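Grab a pencil and work through these exercises with the model in view. Try each task yourself before you read its solution.

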Amino acid sequence: MGPMSQPTCPKESIVSEAPIQHVKPEGPMVDLMQGDARWQIPVHEHGFIALVDVMPRLVPQGQTADAAIVQAARVSYGAGTKQVSEDRTLVRYLLRHRHTTPFEMVELKFHVAMPMFVARQWIRHRTANVNEYSARYSIVPDRFYRPTVEGVRKQSTVNRQGGDEPIEAGTAEQFLTLLDKAEANYREYLSLTERGVARELARAALPVSVYTEWYWKCDLHNTLRFLSLRMESHAQQEIQDFARAMYRLIQPLAPATCEAFMDYDFESMHLSRLEIDSIRSGQPLGSQNKREQAEFEAKKTRLGL
Ligand SMILES: Cc1cc2nc3c(=O)[nH]c(=O)nc-3n(C[C@H](O)[C@H](O)[C@H](O)COP(=O)(O)OP(=O)(O)OC[C@H]3O[C@@H](n4cnc5c(N)ncnc54)[C@H](O)[C@@H]3O)c2cc1C
């Protein structure tokens, strides 16, 4: 289009003149969140996770969000499946066979307040839609994560990324004193922003134990993937605490899906070809890798072998 030309209206024939058909549901519909504005669980001293919305929010009386998964699946399998498979069985089949798209039909929206170091791990889950509190626009509130003395973990020797049992009390106290010093920066942060230092720069003086907040919206399939990774024992304890609270909020919304997730994903076990060969033949694992061998031993213990 040249700079002087006028935009043209779409031809009338492109816009359908057909009236919108308003189709009523077959029976009464109920609010899955029972008319509540949010379902919230406190996490640690200052954090929380709150479910603020879900799609579908309105479901036929007596049903849950599992119904939206089943409805979508029946588009691909046809109405014929309705007679042969009840909803729970179909949900379990879909999850077992990684037919994932029906689980994307359910959307969950959360409001979360968590320490920055938890948010950094959380944000790696790229399939969610996120809107975070802006520390350029607003002053960061005075909230910091601190473990209890017993909650200060010792560096794990088996898992380089993790901590395990509590460290002795004297060292734990010393660590908490260090956190006090880091938190003390807040007063200067506040006073220097009052004296005109830009908020976007002043925040650089705050530790990663400071809290942030965001709205996090994600479909159920990718939320289960998040839970699978973050409720697991290798994830950092603090993000596990949020993930487990999230699971508690989701479970009543999609009980059949959550049950299938526990059975076929979270509490299930993957066996490699080498592990299957070793179990079948009774021979040692065909790998010299120490970590792989230790993982196999842990699986055998779980299997009672
Ligand atoms: C115990 C643990 C330790 C970790 N340690 C580290 C670490 O040391 N350093 C580090 O950097 N990270 C680390 N991570 C983060 C990890 O590597 C993943 O980034 C994170 O768990 C998100 O996983 P995801 O990519 O499956 O999730 P999502 O981003 O939610 O993606 C879900 C799935 O969607 C698909 N997908 C999403 N985006 C794309 C894309 N752009 N292209 C193609 N496919 C896509 C993929 O199949 C992906 O698996 C760790 C995670 C855990 C649980």
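The protein has eleven helices and nine strands. Keep in mind that this is a predicted model.

**Exercise 1. Overall build**

Task: Find out how the radius of gyration of the protein sits against that of a compact globule of 305 residues.

Solution:
- Start with the rule: a compact globule with 305 residues would come out near 19 Å.
- Now take the protein itself, which has a radius of gyration of 26 Å.
- Put the extents beside that: along the principal axes, the C-alpha trace spans about 75 × 75 × 50 Å.
- Then check burial: 21% of the 305 residues are buried.
- Last, look at the contacts between residues at least 6 apart in sequence: 68% of them join residues at least 24 apart.

**Exercise 2. Domains**

Task: Work out how the protein is divided, and which kinds of residue domain 1 turns towards domain 2.

Solution:
- List the pieces: domain 1 covers 22–142 + 211–268, domain 2 covers 146–208, and domain 3 covers 272–305.
- Get the spacing: the C-alpha centres of domains 1 and 2 are 31 Å apart.
- Count the residues that meet: nine from domain 1 are in contact with nine from domain 2.
- Sort the domain 1 side of that meeting place: six residues are nonpolar, one is polar and two are charged.

**Exercise 3. Two helices**

Task: Check the span of α8 and of α11, then decide how many residues of α11 are buried.

Solution:
- Take α8 (residues 237–250): its 14 residues should span 20 Å at 1.5 Å a residue, and the end C-alpha atoms are indeed 20 Å apart.
- Ask which of the α8 residues are buried: they are Ile239, Asp241, Phe242, Ala243, Ala245, Met246 and Ile250.
- See what these buried residues pack against: strands β2 (39–43), β3 (47–55) and β5 (107–115), along with helices α4 (116–122), α7 (220–230) and α9 (255–266).
- Turn to α11 (residues 290–303): with 14 residues, this helix reaches 20 Å from first C-alpha to last, close to the expected 20 Å.
- Count burial there: one of the 14 residues of α11 is buried, so this helix lies largely in the open.
- Step just past the end of α11, and you meet Gly304 with a positive phi of about 75°.

**Exercise 4. Backbone oddities**

Task: Find where Gln34, His44 and Pro56 sit, and say what their backbone does.

Solution:
- Recall the background: most residues other than glycine have a negative phi, and most peptide bonds are trans.
- Look at Gln34, in the loop between β1 (29–31) and β2. Its phi is positive, about 55°, although Gln34 is not a glycine.
- Decide on burial: Gln34 has 8 C-beta neighbours inside 10 Å, so it counts as exposed, the cut-off being 12 or fewer.
- Move on to His44, in the loop between β2 and β3. His44 isn't a glycine either, yet has a positive phi of about 60°.
- Count again: 18 C-beta neighbours inside 10 Å make His44 partly exposed.
- Finish with Pro56, in the loop between β3 and β4 (58–60). The peptide bond from Met55 to Pro56 is cis, and its omega is near 5°.

**Exercise 5. Buried or partly exposed?**

Task: Decide whether Thr223 and Ser209 are buried or partly exposed, and list their contacts.

Solution:
- Place Thr223: this residue is found in helix α7.
- Count around Thr223: 27 other C-beta atoms lie within 10 Å, so Thr223 is buried, because 20 or more is enough.
- Skip residues up to four places away in sequence, and Thr223 touches Leu108, Cys218 and Ile250. You met Ile250 before, among the buried residues of α8.
- Place Ser209: look in the loop between α6 (199–202) and β9 (211–219).
- Count around Ser209: 17 other C-beta atoms within 10 Å make this residue partly exposed.
- Leave out neighbours within four places, and the contacts of Ser209 are Pro115, Phe117, Phe144, Tyr145, Arg146, Leu179 and Ala182.

**Exercise 6. Around the ligand**

Task: Say how many residues surround the ligand and sort them by kind.

Solution:
- Count the residues: ten surround the ligand.
- Pick out the closest: Arg124, His125, Arg126, Thr127 and Leu229.
- Sort the shell: two residues are nonpolar, five are polar and three are charged.

Terms used
Residues are numbered from 1 along each chain as its sequence is written. This is a predicted model: local features need pLDDT of at least 70, side-chain atom pairs count only at pLDDT 80 or more; totals for chains, interfaces and linings use all residues. Domain bounds come from an automatic or database domain assignment. Two residues are in contact if their C-beta atoms, placed from the backbone, lie within 7 Å. Ala, Val, Leu, Ile, Met, Phe, Trp, Tyr, Cys and Pro count as nonpolar, Asp, Glu, Lys and Arg as charged, and the others, Gly among them, as polar. Helices (H or I, at least four residues) and strands (E, at least two) are DSSP runs, numbered from the N terminus. The expected span of a helix is 1.5 Å times one less than its number of residues. The radius of gyration is taken over C-alpha atoms; the globule rule is 2.2 Å times the number of residues to the power 0.38. A residue is near a molecule or strand if its C-beta atom, placed from the backbone, lies within 6 Å of it.
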